[in-house]
Amino acid sequence: MNDRRPPFEIENGPGGDEPLLGLWSPHPSETGALSFGMRGAAGAPVQPRPVIWRANLAGERASLAQLAAAERQLAGAARGLAAAERGLKRLAATGAVTAAAAEAPAVSFGVTTAPAGAIGPLERELWQALRGEAPAGPLSFDVGAPRPGTEAWRQAAERFRDWLRRLTRFLVHFAWIETREQGRLVGRTALSWDGDCAAFWTPSAGGDQRRRHQRQVSITLRSRQTLFEVLALTLSLAGRVAVAAAAPGGVLAALPLVWRYINRMIDLRGRRPA
């Protein structure tokens, strides 16, 4: 095992360039059969190679620090997800009020600008992108949200589709949760598509190592749950925000933009201490 591998990685996944949740780095598939005798009568694998959620941990004390850092990262992701939900609901509510006011005869030339006051810069640029408007001023975050119909939006849409493909594989395929310390296998937990688990241990795995593996299992399950929550939030609120903004492309144009906003909030909160 190469000790230069990232502490947390996903093997046999469908690819991707960026770490999931800022934690799980993609790793290319490796050749060779899995252990634990999972083979059919004719010698062929019983099922496709599973996704492996692997922790590459260092020595005992460093391992504890690595696990604690991963738990803090997931706690930050949870804060970002909650903040994204609040921001989207606030944008949908204040956006609907602003849009209704813009339709009144006495109000400002019928232009629906980004709702003011209660929303932040990320919500404002999401609103402008949904409406196909150019940013009204300098942005605080990278280059702003891509407007539907542009090449940047098409790239965002492709990234969203790729993420959906990855998430589908994580959900419907058998998986291993694996822990290694200093390159040596400690244990694997088999995870079925419906969430059932079964643990396998190497003969040398001690009690402390098993407890660290159990923390790795918890980190993996929390990561999977967070990914599904991102999907649920994207699907549940993209339509509301698109209607409030009267988005020209409707909910289909809004989906990758809302998903992008949620992930930026997760990244932003994940880099902040609690």
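## The sheet

Six strands form an open sheet in the order β2-β1-β3-β4-β5-β6, and the pairing within it is mixed. Its edges are β2 (25–27) and β6 (197–201), each of which pairs on one side only. From one strand to the next the twist averages 25°. The model described here is predicted.

Strands of a sheet pair through backbone hydrogen bonds, either parallel or antiparallel. Both senses can be followed from the β2 edge inward. β1 and β2 pair in the parallel sense over three bridges, and one point of register is E11, whose bridge partner in β2 is H27. Strand β1 (residues 8–11) pairs with β3 in the antiparallel sense, over four bridges. β3 in turn pairs with strand β4 (residues 175–181) in the parallel sense over seven bridges.

## The chain as a whole

The chain has five helices and six strands. Along the sequence they follow the pattern β-β-β-α-α-α-β-β-β-α-α. Of the 274 residues, 42% count as buried. The chain exposes about 13,800 Å², of which carbon and sulfur atoms supply 57%.

Among contacts with a sequence separation of 6 or more, 66% are between residues 24 or more positions apart.

## Strand β3

Strand β3 covers residues 51–57, and seven of its seven residues are buried. In a regular strand the side chains alternate between the two faces of the sheet. In β3, V51, W53, A55 and L57 point one way, while I52, R54 and N56 point the other way. Both sets are buried, R54 and N56 included.

A55 links β3 to the strands on either side of it in the sheet order. The bridge partner of F8 in β3 is A55, and the bridge partner of A55 in β4 is T179.

## T179 in strand β4

T179 is found in strand β4. It counts as buried because its relative accessibility is 0%, under the 20% cut-off. Beyond its neighbours within four places in sequence, T179 is in contact with A55, L57, R184, L185, V186, G187, H213 and Q216. With one of these, H213, there is a polar contact between side chains, at 2.6 Å.

Helix α4 (207–245) lies across β1, β3, β4, β5 (184–191) and β6. The helix runs at about 140° to β4.

## The nonpolar core

The largest nonpolar core has 57 residues, and L88 and I262 have the most contacts inside it. Elements that each supply at least two of its residues are β1, β3, α1 (60–102), α2 (121–130), α3 (151–172), β4, α4 and α5 (250–270). α4 gives the most, with 11 residues.

Which residues does I262 contact, leaving aside its neighbours within four places in sequence? They are L81, A84, L88, V230, L233 and T234.

## Distant parts brought together

G76 has its place in helix α1, and it counts as buried because its relative accessibility is 0%. G76 and D267 are 191 residues apart in sequence, but their C-alpha atoms are 8.2 Å apart in space.

L257 lies in helix α5. L257 counts as buried because its relative accessibility is 2%. The C-alpha atoms of L257 and L130 are separated by 7.7 Å, with their positions 127 residues apart along the chain.

## Two loop residues with positive phi

L21 lies in the loop between β1 and β2. It is not a glycine, yet it has a positive phi of about 60°. Is L21 buried or exposed? It counts as buried because its relative accessibility is 11%.

Q182 lies in the loop between β4 and β5. This residue, also not a glycine, has a positive phi of about 50°. Q182 counts as exposed because its relative accessibility is 54%, over the 50% cut-off.

Notes:
Residues numbered from 1 in each chain as written. Predicted model: local features only at pLDDT ≥ 70, side-chain atom pairs only at ≥ 80, totals over all residues. Heavy atoms only, no water. Buried < 20%, exposed > 50% of the residue type's maximum accessible area, 1.4 Å probe, protein only. Pairing = 2+ DSSP bridges. Core = buried A, V, L, I, M, F, W, Y, C linked by side-chain atoms within 4.5 Å. Contact = heavy atoms within 4.5 Å. Areas by Shrake-Rupley, 256 points an atom, 1.4 Å probe, with all protein chains shown as cover. Polar contact = N/O pair within 3.5 Å; in protein donor to acceptor, adjacent residues only side chain to side chain. Axes fitted to C-alpha atoms, helices over the stretch in contact; angles between N-to-C directions.
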